[in-house]
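Good morning, colleagues. Please bring up the sequence and the structure, and keep both in view while I speak.

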Amino acid sequence: MAAKKIFKPGQTASGILDSKGGDKLKQMQANSNYNFKFIPKDKIIPNEKNKNYSQDNIEALSESIIINGLRHNLSVIHESTTDQYRIVSGERRYHAINLMNEKTYKELFPTGIPCKVEKSSISEIDEEIMLISANHDIRETSIEEKRWEIRRLKELYEAKKLNGEITNISKEIAKQLNISQRQAIKYVNAEKLIPELSDLLNQSGISLEDASKFSRLDEWAQLKIVELLNAKGSVDPEELESIKKISQEKEEESKKNHQELERTLQLLAERDKSIEALERRIQSLQTMPEEKPTNDLKEELKYISDAKEKAEREKQRLETQLEKMKLQQKERESRNTSISDTELKRISQIAKTEQALQLFETNFSTIKNNKSIIKSDPDLKTRLEILNNRINDLLSEINL
């Protein structure tokens, strides 16, 4: 395939400018609104931070540049100590150019590779932010890569916020990646997903909108979401609400169990202190001088020994209770690792019941607003009475 004609620096459609004209053109390019230079490839060095981006299909890109020309300039920063230029964006283009043989390279880039030279005085944080933003602008990034960009930008902007340089992290992320602030927040929320849901998001198995919703749930609820997705491929809004409610109930139960566990541990600690104090008192009485009446000493020793024995029995009871509570907690956690068919059915039934109740509540307002019509129509009145009786029967059964 014949290579596409590329106009090189100093060349026009009608032919080659004279040396003076070529120099003038180069000078005009160099004096543009940013620092533009043609830099030999051996003076350009890769950037370690670009390793996070895919460097595949370099051969195809090299062929494309030969045929269609370099569509985007490289962005670089000058390192004055080594007189080299570190790549900010354009790593793949740089490697693609390096794949060319020397003859092709010199034909296409006789004065060097066109580069935008960024300010060398910027901080490392700002350089990396610039790198991420520049790569995002010219690449078709996957969801996984975009999530990495947002995750890394969040870390960088957190450092800038600590320094008082910015106030709103999600706003800055949105500006750099040319997305809405709302979308940026959803991506940040998605970092709270469990691995299974995170993988589904990366593979476009769930939407960013759903991922943001699921990320607000605890681990148990997210596991249920995964199993519902595996079972039926989707999660209905009613099912999601049911899972939220069940999760809240479990959280309240867990909180109550935790408080009970803490209380038992506190009681155990108090019993230990009581036993230690009683033991010290017994030792003190056993070494008491003879002047104290023997009967009084024996009586006090017996009283304290009985108290110690009672405290030890209470301690043993609390230790048994504590072990039982820990075992129950372990069993609950074990049951929560997977969702049974029965529980799936229960979640679905709760969702349908809630939907039916909501529909009934909506329709009840309509019935209430038409009392006069019902009063004047015997059939409607009879149906309402039958409905009333059925509701009363249901309430009686529920309250049994």
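I shall begin with the chain as a whole and then turn to particular helices and one residue.

Please bear in mind that this is a predicted model. The protein chain holds 16 helices and 7 strands. Of its 400 residues, 32% are buried. The accessible surface of the chain amounts to about 26,400 Å², and carbon and sulfur atoms contribute 49% of that area. As for contacts with a separation of 6 or more, 68% of them join residues 24 or more positions apart.

Let us turn to the first pair of helices. Helix H5 covers residues 124-138 and helix H6 covers residues 143-162; their axes come within 10 Å and cross at roughly 155°. Because of that angle, H5 is roughly antiparallel to H6. The crossing of these two helices is left-handed. On the H5 side, the contact is formed by Ile125, Asp126, Glu128, Ile129, Ile132 and His136. On the H6 side, the participants include Trp148, Leu153, Leu156 and Tyr157. Sorted by class, the contact of H5 with H6 comprises 8 nonpolar, 1 polar and 6 charged residues.

A second pair is formed by helix H9, residues 195-202, and helix H11, residues 219-232. Their axes come within 9 Å, with a crossing angle of roughly 50°. H9 and H11 are therefore oblique to each other. Glu196, Leu197 and Leu200 of H9 meet Gln222, Leu223, Ile225, Val226 and Leu229 of H11. Here the classes are 6 nonpolar, 1 polar and 1 charged.

Next, I would draw your attention to helix H8, residues 181-189. Which residues of H8 are buried? They are Ala184, Lys186, Tyr187 and Asn189. The cover over these buried residues includes H6, which we have already met, together with helix H7 (169-177) and helix H10 (208-214).

Finally, I come to a single residue, Leu322, which lies in helix H13, residues 294-336. Is Leu322 buried or exposed? Its relative accessibility is 6%, and the limit for a buried residue is under 20%, so Leu322 counts as buried. Leaving aside residues up to four places away in sequence, Leu322 touches Leu261, Thr264, Leu265 and Leu268. Thr264 stands 58 residues from Leu322 in sequence, yet the C-alpha atoms of the two are 6.7 Å apart in space.

That concludes my presentation; thank you for your attention.

Note on methods: Residues are numbered from 1 along each chain as its sequence is written. This is a predicted model: local features need pLDDT of at least 70, side-chain atom pairs count only at pLDDT 80 or more; totals for chains, interfaces and linings use all residues. Side-chain values use heavy atoms; hydrogens and water are left out. Axes are lines fitted to C-alpha atoms, for helices over the stretch in contact, and angles run from 0 to 180 degrees between N-to-C directions. Helices (H or I, at least four residues) and strands (E, at least two) are DSSP runs, numbered from the N terminus. Angles under 35 degrees count as roughly parallel, over 145 as roughly antiparallel, 65 to 115 as roughly perpendicular and the rest as oblique. A crossing is left-handed if the near helix is turned anticlockwise from the far one by less than a right angle, and right-handed if clockwise. Contact means heavy atoms within 4.5 Å. Ala, Val, Leu, Ile, Met, Phe, Trp, Tyr, Cys and Pro count as nonpolar, Asp, Glu, Lys and Arg as charged, and the others, Gly among them, as polar. Buried means under 20% relative accessible area, exposed over 50%, partly exposed in between (1.4 Å probe, protein chains only). Accessible areas come from the Shrake-Rupley method with a 1.4 Å probe; for residues, only the protein chains shown count as cover.
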